[in-house]
Amino acid sequence: MDSRSGVDRALPIHIRRVTKTYGDVHALDNVDLEVRSGEFITLLGPSGSGKTTLLMVLAGFTRPDYGSVRFGDREVIRMPPHRRDVGMVFQNYALFPHMTVAGNIAFPLRMRRVAKGDMGERVESALATVQLDGFAERRIDQLSGGQKQRVALARAIVFEPRILLMDEPLSALDKKLRDHMQIELRHLHEKLGMTTVYVTHDQREALTMSDRIAVINHGRLVQCDAPRTIYDHPATPFVANFIGESTLVPVEVTDGRAMLNGQALGLSAAPPAARCRLMLRPERLTILPDGGHPEYNVFPGTVREVVYQGESFVAWVTLRDGTEVAMRGISQRESLASLPAPGREVLLGLHHEETVLIPDADDEGAKA
Ligand code: ADP
Ligand code: MG
């Protein structure tokens, strides 16, 4: 890849009010999204939430009923896929099995009528980028899943597109290879600098790879923020449940104070709405020793069960009002030696700085 594929060629994507229905199904419902130039953004949502549809709209394979998509200053809604300057990795890779690796990678160059003399060099360069040097003459059906994934990626970047779209490209790989490829794709993005829209239903993958995550549910954009903001300050109960684990407990807000079981909560920020829920993430809770803990909200309860999970353990605690809460601890020598026994009374603590309220939302349809 030459310097033209660097950040200077990247384009922002402006998605405005994009709507697509299939019969009664709102695959996309009035989606607004701004992707910054050179950004790696991930569309994250459950199966059927509209992720592939949005990617297909960007690639030009699906025409929305309504709305606008601009790459930089250019409206592209009516532009055919091969004129959009977009590389795409499809979920099932969509490679041509009867062709060689080189034949597959050269395909977009032939579509774009690149001179024959330039093709070999560009194919070689793309193969080197995905670390498949020497594989040019292999047949697709002689490759492993991870190698096919790399060929699909090479085919998407060989014409040095300004925008790269990927639809669950790692979902067919086993966990070890997936973890490895997540980091590799991230490095490749840093190197090539293309504006990248990545689709996954795997929240950990989204947290690992993205500059920002756009959470989608029922065809609607629910929240778009950096991974830590999404995780620490989910905009809705759906986001809190879909990303990470949490127990959400309704709290009453009166005079700007959040009350839980008659106790005023110490908070990291003022309550965001009149109806809120307290987010209890397992790893943010600790078991406190007896005594005063002015910086913590303290929830007394009884240990119901403790599950050892290797690197961590989970204790299920029943609070006095009957709420079941999970707390997670790292398996270190001291914590394992003092694992709480079922039946024991404990004080669960949540630091004020980590006490986050989420505005209640009642229009989210099916909750995760
Ligand atoms: P995701 O990729 O998030 O799993 P999709 O974008 O594939 O979701 O689908 C969103 C919704 O639109 C689903 O309910 C799906 O069944 C529907 N849908 C997608 N494509 C079509 C199509 N070509 N015809 C009819 N319904 C479709
Ligand atoms: Mg999909």
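Biologist: Where is the place of Asp85?

Modeller: In this predicted model, Asp85 is not a glycine, yet has a positive phi of about 65 degrees. The residue sits outside the strands, between S5 (74-75) and S6 (86-89). Its place is therefore the loop between strand S5 and strand S6.

Biologist: Does Asp85 count as buried, partly exposed or exposed, and which is it?

Modeller: Buried means under 20% relative accessible area and exposed means over 50%. Asp85 has 25% relative accessibility, so the class is partly exposed.

Biologist: Which class of exposure does Gln131 count as, and where is its place?

Modeller: Gln131 is also not a glycine and has a positive phi, of about 60 degrees. Its relative accessibility is 51%, and the exposed class begins over 50%, so Gln131 counts as exposed. Its place is the loop between H3 and helix H4 (145-157).

Biologist: How far does helix H3 reach from its first C-alpha to its last?

Modeller: Helix H3 covers residues 116-129, which is 14 residues. At 1.5 Å a residue, the expected reach is 20 Å. The computed value is close to that, at 21 Å.

Biologist: Why are the buried residues of H3 on the same side?

Modeller: The buried residues of H3 are Met119, Val123, Ala126, Leu127 and Thr129. They are on the same side of H3 because the arc they cover around the axis is only 150 degrees.

Biologist: Which exposed residues does the face of H3 turned away from its buried side carry?

Modeller: The buried side holds Met119 and Val123, among others. The face turned away from that side carries exposed residues, namely Gly117 and Glu121.

Biologist: Which element gives the most to the shell around ligand 1?

Modeller: Strand S2 (25-35) and helix H1 (51-59) each supply at least two residues of the shell. Three residues come from the element that gives the most, which is H1.

Biologist: How do the residues of the shell around ligand 1 divide into nonpolar, polar and charged?

Modeller: The residues around ligand 1 include Tyr22, Val25, Ser47, Lys51 and Thr53. They divide into four nonpolar, six polar and one charged.

Biologist: How much of the accessible area of ligand 1 does the protein cover?

Modeller: Oxygen atoms of ligand 1 lie 2.7 Å from a backbone N or O atom of Gly48 and 3.0 Å from a polar backbone atom of Gly50. A side-chain N or O atom of Lys51 is 2.8 Å from an oxygen atom of ligand 1. On its own, ligand 1 has 560 Å² of accessible area, and the share covered by the protein is 58%.

Technical notes
Residues numbered from 1 in each chain as written. Chains lettered and ligands numbered in written order. Predicted model: local features only at pLDDT ≥ 70, side-chain atom pairs only at ≥ 80, totals over all residues. Heavy atoms only, no water. Near = heavy atom within 4 Å. Polar contact = N/O pair within 3.5 Å; in protein donor to acceptor, adjacent residues only side chain to side chain. Areas by Shrake-Rupley, 256 points an atom, 1.4 Å probe, with all protein chains shown as cover. Helix = DSSP H or I, 4+ residues; strand = E, 2+ residues; numbered from the N terminus. Nonpolar A, V, L, I, M, F, W, Y, C, P; charged D, E, K, R; others polar. Expected span 1.5 Å × (residues − 1). Buried < 20%, exposed > 50% of the residue type's maximum accessible area, 1.4 Å probe, protein only. Arc of directions from axis to C-beta.
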